[in-house]
Amino acid sequence: LYTGDEYSDAFSNPSDDPDRPNVLLIGDSISIGYTVEVRQLLSGRADVFRIPTNGRYASYGLEHLAEWLGQTEWDVIHFNWGLWDICYRHQGHRDKENGTLTALPEQYEESLSEIVSVLKNMDAQLIWCATTPVPESEFGRFVGDEITYNKIAADIMRKNDIRINDLHTHARSKLPEIQKAKGDVHFTTEGYEYLAIQVARSISQRLAE
């Protein structure tokens with residue numbers, strides 16, 4: 001049924017069908033994991049593209065946003081930053097005991113606010129995707145930090161009248177069943193399929209408006 005490369009490789013974007021709306025997914029490895037399934041769920045209704053890399057942290061996203069947006073007329077942009085921002089690293093490795101936090105809350109807020117200012121100038125429906133849960137025993141992140149940063153993001157989105165896809169609550173309802181491994185922020189294949197259902201639903205709702 002799904003024969004194109006875009007249905008097996010997250011980074012193989014589809015050909016642009018002018019009769020279908022264009023959707024852009026922006027995010028880190030979590031979004032990479034659900035991209036293919038979202039394409040399948042929206043097949044025939046929208047062309048689903050993603051940025052050509054891992055979106056990493058918010059300031060990195062701000063730096064590369066213009067090139068990722070390109071000249072395409074986007075109908076829906078579904079975007080997220082967070083897990084990298086709350087990660088502590090020491091000599092390139094996740095280490096919440098000895099590492100340095102990637103982005104302080106105020107730095108995250110500043111970068112995300114600037115990103116939103118850019119995106120609001122696009123003629124696109126915007127969806128902010130809440131950051132998924134940090135499990136117990138994660139090496140580089142503290143449980144609950146994602147909730148703090150999600151609140152920062154939610155305040156920004158509410159001020160700018162941007163829809164929120166609460167993927168955090170959606171994922172948490174099935175943890176640890178869909179975790180890839182204990183202490184891992186990533187998900188099993190079935191877990192990404194479960195996330196994709198919520199992502200595709202939120203995009204479909206925006207396309208219908």
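A pocket, as I use the word, is an open set of grid points with protein on both sides within 12 Å along at least five of seven lines. A cavity, by contrast, is a set of points where a 1.4 Å probe fits but cannot get out. Please keep in mind that this is a predicted model.

I will start with the sheets. One is an open sheet of 5 strands, in the order 2-1-3-7-8, and the pairing is parallel. At its edges are strand 2, residues 47-50, and strand 8, residues 163-165, each of which pairs on one side only. From one strand to the next, the twist averages 25°.

Now the pairings, going across from strand 2. Strand 1 and strand 2 run parallel and are joined by 4 bridges. Within that pairing, Leu25 is opposite Arg50 of strand 2. Strand 1, residues 22-26, also pairs with strand 3, again in the parallel sense, over 4 bridges. There, Leu24 stands opposite Ile77 in strand 3. Strand 3 then pairs with strand 7, residues 125-129, in the parallel sense and over 4 bridges. His78 has Ile127 of strand 7 as its bridge partner.

Which way do the side chains of strand 3 point? Strand 3 covers residues 76-79; Val76 and His78 point one way, Ile77 and Phe79 the other way, and all are buried. For the cut-off, buried here means under 20% relative accessible area. So His78 is a buried residue with a bridge partner in strand 7, while Ile77, also buried, is the residue opposite Leu24.

Next, the helices that go with this sheet. Helix 1, residues 29-41, lies across strand 1, strand 2, strand 3 and strand 7, and runs at about 165° to strand 2. Helix 6, residues 189-207, packs on the sheet and touches strand 1, strand 3, strand 7 and strand 8. The direction of helix 6 makes about 150° with that of strand 3.

The other sheet to mention is an open one of 3 strands, in the order 5-4-6, with antiparallel pairing. Why is one side of strand 5 and of strand 6 left without a neighbour in the sheet? Strand 5, residues 93-94, and strand 6, residues 100-101, stand at the edges, and each has a single partner strand, so one side of each has no neighbour in the sheet. Strand 4, residues 88-90, runs antiparallel to strand 5, with 2 bridges joining them. In this pairing Arg89 is opposite Arg94 of strand 5.

Arg94 comes up again in the largest pocket. The volume of that pocket is about 160 Å³. It is lined by 13 residues, and the closest to its centre are Ser29, Arg94, Arg141, Val185 and His186. By class, the lining has 3 nonpolar, 4 polar and 6 charged residues.

Last, the enclosed space. How many cavities of 30 Å³ or more does the count give? The count comes to 1. About 80 Å³ of space lies in the largest cavity. Its lining has 13 residues, with Asp28, Ile30, Asn80, Cys129 and Thr132 nearest the centre. Helix 1 gives the most to this lining, with 3 residues. By class, the cavity lining has 7 nonpolar, 5 polar and 1 charged residues, against 3 nonpolar, 4 polar and 6 charged for the largest pocket.

Note on methods. Residues numbered from 1 in each chain as written. Predicted model: local features only at pLDDT ≥ 70, side-chain atom pairs only at ≥ 80, totals over all residues. Heavy atoms only, no water. 1 Å grid on protein atoms, 1.4 Å probe; cavity = no way out; pocket = protein on both sides within 12 Å on 5 of 7 lines; lining within 4 Å. Points joined across faces, edges and corners; volume = space filled by probe spheres on them. Nonpolar A, V, L, I, M, F, W, Y, C, P; charged D, E, K, R; others polar. Buried < 20%, exposed > 50% of the residue type's maximum accessible area, 1.4 Å probe, protein only. Pairing = 2+ DSSP bridges. Axes fitted to C-alpha atoms, helices over the stretch in contact; angles between N-to-C directions. Contact = heavy atoms within 4.5 Å.
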